[in-house]
Amino acid sequence: MSRSSTVREIAAAAAVAAALLCAVGPAVASAARQHPLARRADGSSGGCVTATSWDYMYLEQQWPATSCKNCTENTYFTMHGLWPTNNDGSYPCNCESTPFDPSAVASIRTSLDTYWPSFQEDDQSFWTHEWSKHGTCSAPLYTSQLEFFKGALGARAKYDLYQALASASITPSNSATYQASDIEAAVNKALGTTPIISCGYHNEISEMGLCLDKQLQPMACPSSQPQQCTGEVGYPSSYN
Ligand code: 5GP
């Protein structure tokens with residue numbers, strides 16, 4: 001179970017609106033990060049919209065040690081999602097009704113198990129949720145669930161946050177802390193865009209998001225996507 005505190009930060013009205021409009025799949029006792037645009041800094045909700053167009057992709061990766069009690073020490077971030085997003089702070093969701101089909105992604109099942117595990121419910125519920133809410137809106141970039149999951153995993157591998165941080169000697173530690181600005185600079189230098197950092201309890205990095213253009217090239221996040229976690233942050237080597 002994640003211990004992130006970010007849920008508390010979600011403006012109640014925005015959360016209710018987003019939940020009513022967007023919720024699919026099982027409810028989870030989540031402490032993990034909501035779509036960033038469901039909780040803009042001014043308290044308003046970017047919210048999901050019933051359109052199918054989008055401006056950029058938001059690649060959200062999770063740091064296992066912050067959220068996962070039973071994980072062994074990791075040398076990679078895992079997937080949360082690849083989210084079609086609009087510059088104005090809205091995002092399309094639940095664009096069509098094709099259900100998640102495990103057999104459609106059987107050929108990449110090992111990669112999904114490794115790089116897209118769930119830290120809350122079972123993996124398949126997580127994939128179902130991500131496909132229904134976000135993947136169904138990923139056209140024209142992806143037109144099938146295999147393409148969507150494959151593409152998302154490929155983006156995760158290409159934008160390797162662990163390596164980006166390691167190349168600046170920022171390595172997981174249960175004792176050291178880092179300045180969020182140094183983490184931003186390290187990722188920007190290695191991957192070409194400044195990450196949006198989300199933190200959980202103890203101000204530990206729980207997730208990092210990258211803005212990618214329609215060709216999945218790095219781009220600066222729009223102002224509707226503000227930084228979430230600043231100052232001194234933890235990057236734990238194991239759950240603590
Ligand atoms: P989104 O709905 O935009 O994809 O992301 C927010 C949701 O993802 C939250 O409801 C949160 O509970 C869920 N989430 C984040 N990490 C995990 C996870 O590891 N497993 C599952 N099942 N849900 C997660």
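1. Start with Cys-199 and Cys-229, which are joined by a disulfide with a sulfur-to-sulfur distance of 1.9 Å. Please keep in mind that this is a predicted model. A disulfide is a covalent bond between the sulfur atoms of two cysteines. The torsion about the S-S bond of Cys-199 and Cys-229 is about -80 degrees, so this disulfide is left-handed. The pair links distant parts of the chain: Cys-199 sits in strand 6 (residues 196-199), while Cys-229 is in the loop between strand 7 (205-212) and strand 8 (232-235), 30 residues apart. Both Cys-199 and Cys-229 are buried.

2. Now look at Cys-211 and Cys-221, whose sulfur atoms are 2.0 Å apart and form a disulfide. Is this one right-handed or left-handed? The torsion about the S-S bond of Cys-211 and Cys-221 is about 105 degrees, so the disulfide is right-handed. Cys-211 belongs to strand 7 and Cys-221 to the loop between strand 7 and strand 8, so the pair ties together parts that are ten residues apart in sequence. With a relative accessible area of 0%, Cys-211 is buried.

3. Cys-95 and Cys-137 also form a disulfide, with 2.0 Å between their sulfur atoms. Their S-S torsion is about 100 degrees, so this disulfide is right-handed. Cys-95 and Cys-137 connect distant parts of the chain, 42 residues apart: Cys-95 is in the loop between strand 4 (91-92) and helix 3 (109-115), and Cys-137 is in the loop between helix 4 (123-133) and helix 5 (145-158). The two ends make a nice contrast for practice: Cys-95 has a relative accessible area of 22% and is partly exposed, whereas Cys-137, at 1%, counts as buried. The cut-off that matters here is that buried means under 20% relative accessible area. In total, the model has four disulfides.

4. Next, the nonpolar interior. In soluble globular proteins, nonpolar side chains tend to be buried together. Here the largest nonpolar core has 44 residues, and among them Trp-116 and Phe-149 touch the most other members. Which residues does Phe-149 touch, not counting those up to four places away in sequence? They are Phe-100, Val-105, Ile-108, Leu-112, Trp-116, Trp-127 and Trp-131. There is also a second, separate core of six residues, including Tyr-56, Tyr-58, Trp-83 and Met-219.

5. Glu-130, in helix 4, deserves a careful look. This residue is buried yet has no salt bridge. Why is Lys-133, the nearest side chain of opposite charge, not a salt-bridge partner for Glu-130? Lys-133 is 7.0 Å away, and a salt bridge needs the charged atoms within 4 Å, so the pair does not qualify. Glu-130 does have a polar contact of 3.5 Å between its side chain and that of His-80. Leaving aside neighbours within four places in sequence, Glu-130 is in contact with His-80, Gly-81, Trp-83, Trp-116, Gly-135 and Phe-148.

6. Finally, find Ile-170 in the loop between helix 6 (161-166) and strand 5 (173-179). Is Ile-170 buried or exposed? Ile-170 is buried, with a relative accessible area of 5%. Apart from neighbours within four places in sequence, Ile-170 is in contact with Leu-165, Tyr-178, Asp-182, Ile-183, Ala-186 and Tyr-235. Try tracing the chain from Ile-170 to Tyr-235: these two are 65 residues apart in sequence and 8.6 Å apart in space, C-alpha to C-alpha.

Key
Residues are numbered from 1 along each chain as its sequence is written. This is a predicted model: local features need pLDDT of at least 70, side-chain atom pairs count only at pLDDT 80 or more; totals for chains, interfaces and linings use all residues. Side-chain values use heavy atoms; hydrogens and water are left out. A disulfide is a pair of cysteine sulfur atoms within 2.5 Å. Helices (H or I, at least four residues) and strands (E, at least two) are DSSP runs, numbered from the N terminus. Buried means under 20% relative accessible area, exposed over 50%, partly exposed in between (1.4 Å probe, protein chains only). A nonpolar core is a set of buried Ala, Val, Leu, Ile, Met, Phe, Trp, Tyr and Cys residues joined through side-chain atoms within 4.5 Å. Contact means heavy atoms within 4.5 Å. Lys and Arg count as positive and Asp and Glu as negative; His and the chain ends are not counted. A polar contact is a pair of N or O atoms within 3.5 Å; within protein, one must be able to donate a hydrogen and the other to accept it, and residues adjacent in sequence count only if both atoms are side-chain atoms.
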